[in-house]
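Biologist: I would like a close look at a single part of this protein, taken slowly and with the reasoning spelled out.

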Amino acid sequence: YGSTKSIGAALRPLGIKGKSGGYYNRLTGEVGFLANKFESISLGILSHELSQAVDGPKREYSSSPEWREVWEREIKSNPSSSAQARSSMSEAFADALMTVATYQVTRRNVVTMEDEPVPPLSETHPLAHQFLKSKGLIP
């Protein structure tokens, strides 16, 4: 893609907003990334799409009754969860696994320019953390 406009045109039909995005094709198992520059693909996008691949073509984890309970109790109506996670059990699963994979102890506050602590998934979403742990997906 040669321009921001052309990448935007390619991403819109896929429901992806912005200059880069990713996808997991459940039929082929392909994980892909679309961006006008490879460098614009973030660790978050990468780990989110790989997390969907871990979930598998039949959404083995995110379609389970155990995950449904986690999603309904902890994620579906939680304003701190992403809009995607609140509307889709499979997106919520990918976000949870992504959160563990990309966890950083601190985050730079762009206003104060100071590092602030970031609570881990085990504190923000303890049921999701326990689910991932019980399935052997995280230590």
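Biologist: Does Tyr61 count as buried, partly exposed or exposed, and what is its relative accessibility?

Modeller: This is a predicted model, and in it Tyr61 has a relative accessibility of 22%, so it counts as partly exposed, given that buried means under 20% and exposed over 50%. The residue is best described together with its ring partner. There are 3 aromatic pairs by the rule used here, and in one of them Tyr61 and Phe93 are stacked, with 5.6 Å from centre to centre and 10° between the planes. Tyr61 sits in the loop between helix H2 (43-55) and helix H3 (65-75), while Phe93 belongs to helix H5 (residues 89-101), so the pair ties together parts that lie 32 residues apart in sequence. Ring pairs also bring in Trp67 and Phe131, which are linked with Tyr61 and Phe93 into a cluster. On the other side of the stacked pair, Phe93 has a relative accessible area of 0% and is therefore buried.

The helix that carries Phe93 is mostly covered, since 10 of the 13 residues of H5 are buried, among them Ala92, Phe93 and Ala94, as well as Glu91 and Asp95. These buried residues of H5 pack against H2 and H3, and also against helix H4 (83-87), helix H6 (121-124) and helix H7 (126-134). From its first C-alpha to its last, H5 reaches 18 Å, close to the 18 Å expected for its 13 residues at 1.5 Å a residue.

How values were computed:
Residues numbered from 1 in each chain as written. Predicted model: local features only at pLDDT ≥ 70, side-chain atom pairs only at ≥ 80, totals over all residues. Heavy atoms only, no water. Phe/Tyr/Trp six-rings, centres within 6.5 Å; stacked < 30°, edge-to-face > 60°. Helix = DSSP H or I, 4+ residues; strand = E, 2+ residues; numbered from the N terminus. Buried < 20%, exposed > 50% of the residue type's maximum accessible area, 1.4 Å probe, protein only. Expected span 1.5 Å × (residues − 1). Contact = heavy atoms within 4.5 Å.
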